[in-house]
Amino acid sequence: MKKKNLTMLIMVLILAVSLTGCGKKTDNSASIAGNQSETNQTDASGAYEETVVDMDKLEGTEAVSQTEKNEYDGKLGDYDVSIGDAKRINADGTDIVVVSFDFKNNSGSDTAFTSAVEVEVSQDGGSLVGAVVSNIEGVNLLSMAERISSGDSITVQRAYQLKDKSVPLEVTAKEFGASGDEVLTKTFEF
């Protein structure tokens, strides 16, 4: 009987020590994770603020458009949208087009361009593949995901891999998920 009591006492002590150790480990992990999260947020926001959307600073070939303003500038649901400029750049040997959009949120809640506007960019009837570019002055592709308050405006950019720089580029924007006829279109040539 003494042996069983001693064994149970040892097991209870082992359990108590292990739970105490686990509790401290969990608290430390939460603290470390919290610190890393704050550090990552600071680092990300610092990098974000350094890169400004500025098509004038972007080195490349500016595209020309003969499209009438009323075809590419207007209202899409609760949002004012204008298809802006387009520039062709060379990123690691690949022709990329960066397109800018002016976006004003007139809805009753905070929203981002990507959750409000669908964009399709095509050449010769085929959709272009989105491209990711970084460390290029004047380009900030994160701008399209920035949530803005009702009544605020922002200029955003999207990048696409060109198929052929001699073929016109068509940019189309419509309200995300809308089935209506409200569509903005702008055609560019390089």
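The accessible surface of the protein chain comes to about 12000 Å², and carbon and sulfur atoms contribute 50% of that area; such areas are obtained by the Shrake-Rupley method with a 1.4 Å probe, and for residues only the protein chains shown count as cover. The model is a predicted one, in which local features need pLDDT of at least 70 and side-chain atom pairs count only at pLDDT 80 or more, while totals for chains, interfaces and linings use all residues. Residues are numbered from 1 along each chain as its sequence is written, and side-chain values use heavy atoms, with hydrogens and water left out.

Of the 190 residues in the protein chain, 31% are buried, a term for under 20% relative accessible area, with exposed meaning over 50% and partly exposed in between (1.4 Å probe, protein chains only).

The protein chain holds 3 helices and 11 strands, which are DSSP runs numbered from the N terminus (helices: H or I, at least four residues; strands: E, at least two). Along the sequence their pattern is α-β-α-β-β-β-β-α-β-β-β-β-β-β.

Four of these elements form an open sheet with the order 7-6-10-11 and antiparallel pairing, where pairing requires that DSSP finds at least two bridges between two strands. Strand 7 (126–127) and strand 11 are the edge strands, each pairing on one side only. Strand 6 (residues 117–123) joins strand 7 through 2 bridges, and Ser-122 stands opposite Ser-127 in strand 7.

At the other edge, strand 10 (residues 169–175) and strand 11 run antiparallel and share 6 bridges; Thr-172 has Thr-185 of strand 11 as its bridge partner. Side chains alternate along strand 11 (residues 183–188): Leu-184, Lys-186 and Phe-188 point to one face and are buried, whereas Val-183, Thr-185 and Thr-187 point to the other and are not buried.
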